[in-house]
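These are my notebook entries on a structure I went through element by element. I began with a pair of packed helices and then turned to the sheet, the cores and the backbone.

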Amino acid sequence: SLVGELNLKKMTNQFYSSILIILLATATPLLAQKKTPNDKVRTLIVIFDGLRPDYITPELMPNVYKVKQEGTYGNQNHSVFPTVTRVNASSYATGSYPSQHGLMGNTVYFPKVSKTKGLDTGDAAQLMQASESVMGNLLTAVSFGEIMQAHGDRFMVFSSGSTGQALLQNHKVAGGLIVNPALILPNEKMPEVVKVLGSPPPYAKPNKARHAWVTDGLLHYALNVDGPAVSAIWYSDPDGTAHAEGIGAELAKESIRSVDEQFGRIIAHLKKMKMYKDYNILISTDHGFVTHVGQNNVSDFLINSGLKEHKESEDVVVIGGAIYVKDHQPEKIHAIVKALQQQEWIGAVFTKGIQPGSDIGVVEGT
């Protein structure tokens, strides 16, 4: 059994509202007439990690702002819950809610890998460990990459963020390509990619050099006459810099300008190649940002309340915003929920549905 906790006031730095901008190819509508292989409508997905709608201004993001004016802006777009990067990456990659694709957090619990510690879903190596423990079923929904492969095409992913985020976009690679500064798949493509793009630059805040490196990869491998029908690029900023510096900090604003500059390179390249009108361009994000203050430790609270034996104990395991109770003991779960509900710093508490599809949890008030 799982008890998830979220405090919307103080504990979360993610923001539910997300953005979506769609620039449809002007040469043909989305449902185009039959075209030849070299004259097809293509799609480019651009994700700016942690982008807020109010960042899109002529001053901060002139290139994205211009596309916003030309395209369609979806102001009712929302992140899935939990509103964290790798959960939303998995939902976008599968078209599924977390209950279907099974990736429940930026840190997850796979007891076959570790009975007391969580796995960081930002680390592709740890995701592969998790995948091996469940016989390759890392995600429990079919991914877009697999669908593309079944239709005789490829889905290419370019990412300047974590290796886990890159992998989850096409976790079986499925005939496609993943290019990330610390992860290139399939493995046999690594020497060629490094030869073409040069050695991956080190991580920085802002992550300018890596943004440029993966953009180079997108332009070379995907945005050409022989490129795939669908490709995606995911920039780690403004998230990476804003986490450390805060919303509105000069370095955070610099990171926003840097990713917009790379987006401008993409648009200029498509126009130079006379391919701009062949593309549907979708711009979105995994989550936004809010400011939070204060920090409470759920594990310490449970130990001090006599509901968990000690830090390394297996009776109750706290992983990120989730609590796992050994042997699914109903009495222990009820006691934990009751204790959490009495705390001012705890927001909504979630438990397993009282029946499949129900919004009401098995514990009163959840």
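**Entry 1: a helix pair.** Before reading any angle I fixed the cut-off: an angle of 65 to 115 degrees counts as roughly perpendicular. I also note that the model is a predicted one. I then looked up helix α7 (residues 190-197) and helix α8 (residues 208-222), whose axes come within 10 Å and cross at roughly 105°. I therefore recorded α7 and α8 as roughly perpendicular to each other. Two packed helices are described by the angle between their axes and the distance between the axes, and I have entered both.

Which residues of α7 and α8 meet? On the α7 side I listed E192, V193, V196 and L197, and on the α8 side W213, D216, G217, H220 and Y221. Sorted by class, this contact of α7 with α8 holds five nonpolar, two polar and two charged residues.

**Entry 2: the sheet.** I next traced an open sheet of eight strands with mixed pairing, in the order β4-β2-β11-β3-β10-β7-β8-β9. The edges are taken by β4 (72-74) and β9 (183-185); each has a single partner strand, so one side of each is left without a neighbour in the sheet. Direction ignored, I found neighbouring strands of this sheet turned by 15° against each other on average.

Within the sheet I examined strand β3 (residues 42-48) and strand β10 (residues 230-235), which run parallel and are joined by six bridges. For L44, I noted S231 as the bridge partner in β10. Helix α2 (residues 85-94) packs on the sheet, where I saw that α2 touches β3, β7 (155-159) and β10. The direction of α2 makes about 170° with that of β10.

**Entry 3: strand β2.** I followed β2 to its two partners. With β4, β2 pairs in the antiparallel sense over three bridges, and L20 has G74 as its bridge partner in β4. With strand β11 (residues 279-284), β2 is again antiparallel, over four bridges; here the bridge partner of L23 in β11 is I281.

Which side chains of β2 are buried, and which are not? Along β2 (residues 20-23) I found an alternation: I21 and L23 point to one face and are buried, whereas L20 and I22 point to the other and are not.

**Entry 4: nonpolar cores.** I looked up the largest nonpolar core, which has 40 residues; F48, M61, F158 and I281 touch the most other members. I281 is thus entered twice in these notes, as a hub of this core and as the bridge partner of L23. For F158, I set aside neighbours within four places in sequence and listed contacts with L177, V179, V214, G217, L218, Y221, A222, A232, I233 and W234. Apart from this core lies another, of 29 residues, and I noted I47, F110, A166 and L168 among them. In soluble globular proteins, nonpolar side chains tend to be buried together.

**Entry 5: cis peptide bonds.** I checked omega at two prolines. The peptide bond from L185 to P186 is cis, with omega near 0°, and P186 is found in the loop between β9 and α7. A cis peptide bond also joins K205 and P206, with omega about -5°; P206 is found in the loop between α7 and α8.

**Entry 6: positive phi.** I recorded M135, which is not a glycine, with a positive phi of about 55°. M135 sits in the loop between α4 (124-133) and α5 (144-150). With a relative accessible area of 77%, I entered M135 as exposed. H328, likewise a residue other than glycine, has a positive phi near 55°. H328 lies in the loop between β13 (322-325) and α12 (330-341), and at 51% relative accessibility H328 counts as exposed.

**Entry 7: V113.** Where does V113 lie? I placed V113 in the loop between β5 (107-108) and β6 (119-120). At 27% relative accessibility, V113 counts as partly exposed. Leaving aside neighbours within four places in sequence, I found V113 in contact with L119, Q129, A130 and S133. I also noted that the C-alpha atoms of V113 and S131, 18 residues apart along the chain, are separated by 9.9 Å.

Terms used. Residues numbered from 1 in each chain as written. Predicted model: local features only at pLDDT ≥ 70, side-chain atom pairs only at ≥ 80, totals over all residues. Heavy atoms only, no water. Pairing = 2+ DSSP bridges. Helix = DSSP H or I, 4+ residues; strand = E, 2+ residues; numbered from the N terminus. Axes fitted to C-alpha atoms, helices over the stretch in contact; angles between N-to-C directions. Contact = heavy atoms within 4.5 Å. Parallel < 35°, antiparallel > 145°, perpendicular 65-115°, else oblique. Nonpolar A, V, L, I, M, F, W, Y, C, P; charged D, E, K, R; others polar. Core = buried A, V, L, I, M, F, W, Y, C linked by side-chain atoms within 4.5 Å. Buried < 20%, exposed > 50% of the residue type's maximum accessible area, 1.4 Å probe, protein only.
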